[in-house]
Each structure stands twice: as structure tokens, then as C-alpha cells.
Amino acid sequence: MPRGFRRGAALTLLFASVLATASARGLLPDGDAQLSSARSAATAVDSGGSDGAEADRDAVARAAAEAMADGKSAAAAAEEVVSRSGDRWGAVYDKGEYEEFAQALDGSYTGVGLWAKRGADGRVEVSRVQRGGPAERAGIRAGDQIRAIDGKPIDGRPVSQVVALLRGDGKGAARGATAKVGSTVALGLQRGAHTWTETLRRARLATEAVTVRRLADHAVMIKVAAFTKGSGERVREAVRRAPEGAGVLLDLRGNSGGLVTEAVTAASAFLDGGLVATYDVHGEQKALYAGPGGDTERPVVALVDGGTMSAAELVTGALQDRGRAVTVGSRTFGKASVQMPEPLPDGSVAELTVGHYRTPAGHDLDGKGITPDLAVSERAEERARTVLSGLGTGS
């Protein structure tokens, strides 16, 4: 498993006031490709893995200490042990990455405020610009093609690499290095036949993890891109503000997780207490419960796909198992392992698998995912809206 993918997949289970790891996928915002990691053994991380292997915490710590004593990289030594262990989702973060990810998980990132995707012609194009960000102020619009970054053509590059270059942490950057606020990046752009170069100055921007829009028949779509800090309460507020009896389409497509406490808060918007998930840490069984007072009447449809992972699967599983939502889309990814961080002597952190979580009905999602009530691969949103309409209004 490539190191970068393991890291991007590591997601968080937060119990105290500390931050942990998360990831956001799909239409990648330039500063949101990877999020953060926590600095406390009291924090467990919701991450994926289907093989159940676990790295030995003592072996990782010992290898790091010995490397430091020999004047070598503690992070590199720890990563070698984790790789050999078979811990599929184990990962090592250096200090710089850890700090940058923590800021992102707190709801902010350094970037130029645009989202990128692969267009119909195969080229990378702007899918959305953030209101008030550097890209919008420069007049960049959705649909503009990105042809070059800092004078180098990007045609043929994966979107994830383009995002990394926009952030300033692409190939050639020092390990863990990210661009600073105020640094510049030159974008070669094309709109129709018009081509031009725009130099943007990176800024600290707030993430937009939750967006809300009205649908026909007074229904509401709540799109959750990632469970970053505060996103759970924004979901609850969106449900409270929805017209009385209006149905809710909860769009979790491409949501690869985040803070599990935020996921539990989001699930609580549709539940009045009760079990959300169980999990184990070193064999000790624990449980997560919804808060009281959620809306248990209005119709809910959860829209999911293969990019729905981890904490997003936790929400999906809870609403499905407890009969609170009809799930529509394609099978979810299947990530359900618990990790805990191990601080290393050079300030880096190793995150190691220690257990797994299950849905309220006891289903183990690890490597299996969730099968939707209505499995569709095309026009999923259209089908979900039809289902929601058929459910009527809440009583």
C-alpha cells in the first residue's frame, strides 16, 4: 500500500479536545487533500483496513529511538517497521505534516481557493471557486481549464498532483513541507480560445465541509464533504432550519471521513439518542451514542458511493441499521479500523491499528462496506430524489 494513500486514508476518532487524522476526497480543494493527526494517546483514529494486522507499538518506538541515537531519521525508521508489520493503514507523519493537517482538520487550509476535477475532454478544470478566496478575486471561474502551474504543463497529471502543486507540497518539495501563507503560484489558464497566466497569492482559508440547498417540494439536500471540526453541528442546524416535514437528502458521496465525534453529532440530527456504533481498542469494547433531541420524523435518504468511507460509513450504518434513512447509491468503501497515535522522539507520529468498529446491528464493515437499500450506479442523485419524494413528508 503506497505511503501517501495510507496517510490520506487515516481518519479520526476524537475523545478529548485533541485533533486527529482526516481526509477529504472527490472534487479536491487545493488545501484539503489531506487533513490532520492528533498528539495524544487518548485519541483513537478511525481508519480502514481489511487484513487486521497491527504494528507493535514498542517495536516502532524502539526503532525510532535507536535511529535517533545513530543520527538517523526516527520517522523513516518507524515507517520501515510499520510497512513490514502488515498494518495496512498504519502511517507515519513528520512534524510539519502533523501541524499542517491539524490546522486543516480545525476547518482551515492554505491555498488559493479552488477545486479541481478531470473534465470531459480529459483536461484538469476548475470545478468550483471559494467565495472571497484568491481565485475568485482574480476572476477565475468554474469551467476554466488549468494548463500549467508555475510554467510547467500539467496535462496528463493526476488531479491529486495538481492539487498538491497548488498547495505547494508537490513533487520536489521537502518531506512534510507545505507552502506558507503569502507565497505565490502562477496558473496557466484557458477559457474557450482565451489563454492567460494568473499569479495568485496563497491565503489561509476556511473549509466548506457542509453545503445546503433547497430541492423541489421543499426538500433539502445536505452535502457533507468531510467531517471536519464543527461540521456535525452544521448538519444539525441545517435539519433544524429545514421546512417543517420536508425530506432531507444527506449526500455523503466522496466523503472519506474525518472526526468521528463530528460524525456522531451529524447522526444525532436524525436520532433521539441510542447507539451509533461500537468499537474495540485492544479488545476492550466501547460504544458511541447519539445525542438526544434529533428529528426522528422527517424522511431521510442517504446518498453514498465507493468514496464514502470511515466516519461517513459510520453515519450511514447507524441511519440504515436503525431504520432512520433509506440508503441509495453504490457500495461504500469499507474502512472500519481504529488506530492510535504513537509520538516519536523527533516530533513525528506513528498511527497504528488497535481495533475495529461495528454498526449498531453488529455489522463489520472492514473490507466489506455498506450495501445500499437501492443500489444504483447511474443517475444516483435523480433516483435518490425520487425515493425521497415517494417517502412523503414527516408526520
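**Figure 1. Arg-128 lies over the face of Trp-115.** This close-up comes from a predicted model. Arg-128 is placed 4.0 Å from the centre of the Trp-115 ring. A charge counts as sitting over a ring only if it is within 6 Å of the ring centre, with a limit on the angle as well.

**Figure 2. Glu-125 is a buried residue of strand β6.** Strand β6 spans residues 124-129. The relative accessibility of Glu-125 is 17%. Buried means under 20%, so Glu-125 falls in that class. Which residues does Glu-125 touch, leaving out those up to four places away in sequence? Trp-115, Ala-116, Lys-117 and Gly-119 are on the list. Gly-143, Asp-144, Gln-145 and Ile-146 complete it. Trp-115 thus appears in two views: it is touched by Glu-125, and Arg-128 lies over its face.

**Figure 3. Trp-89 and Phe-333 form the one aromatic pair of the structure.** Two values describe such a pair: the distance of the centres and the angle of the planes. For Trp-89 and Phe-333, the ring centres are 6.5 Å apart and the planes meet at 70°. Planes over 60 degrees apart count as edge-to-face, so this pair is edge-to-face. Where do the two residues lie? Trp-89 is in the loop between α3 and β3 (91-93). Phe-333 is in the loop between β18 (326-329) and β19 (337-343). The pair therefore ties together parts that are 244 residues apart in sequence.

**Figure 4. The surroundings of Trp-89 include a charge over its ring.** The charged end of Lys-335 sits 5.4 Å from the ring centre of Trp-89. Is Trp-89 buried or exposed? Trp-89 is buried, at 1% relative accessible area. Its ring partner Phe-333 is partly exposed, at 28%.

**Figure 5. Helix α2 has a buried side and exposed residues on the other.** Helix α2 runs over residues 57-69, which makes 13 residues. From first C-alpha to last, α2 reaches 19 Å, close to the 18 Å expected. Its buried residues are Val-60, Ala-63, Ala-64 and Ala-67. These cover an arc of only 95° around the axis, so they lie on the same side of α2. They pack against α3 (74-85) and β20 (349-358). Asp-58 and Ala-69, on the other side, are exposed.

**Figure 6. The ends of α2 involve Asp-56 and Gly-71.** Asp-56 caps the N-terminal end of α2. One of its side-chain oxygens lies 2.8 Å from the backbone nitrogen of Asp-58. Gly-71 follows α2, and its phi is positive, near 75°.

Terms used:
Residues are numbered from 1 along each chain as its sequence is written. This is a predicted model: local features need pLDDT of at least 70, side-chain atom pairs count only at pLDDT 80 or more; totals for chains, interfaces and linings use all residues. Side-chain values use heavy atoms; hydrogens and water are left out. Helices (H or I, at least four residues) and strands (E, at least two) are DSSP runs, numbered from the N terminus. The expected span of a helix is 1.5 Å times one less than its number of residues. Buried means under 20% relative accessible area, exposed over 50%, partly exposed in between (1.4 Å probe, protein chains only). The arc is that of the directions from the helix axis to the C-beta atoms. Contact means heavy atoms within 4.5 Å. A polar contact is a pair of N or O atoms within 3.5 Å; within protein, one must be able to donate a hydrogen and the other to accept it, and residues adjacent in sequence count only if both atoms are side-chain atoms. Rings of Phe, Tyr and Trp (its six-membered ring) pair if their centres lie within 6.5 Å; planes under 30 degrees apart count as stacked, over 60 as edge-to-face and the rest as tilted. A charge sits over a ring if NZ of Lys or CZ of Arg is within 6 Å of the ring centre and within 35 degrees of the ring normal.
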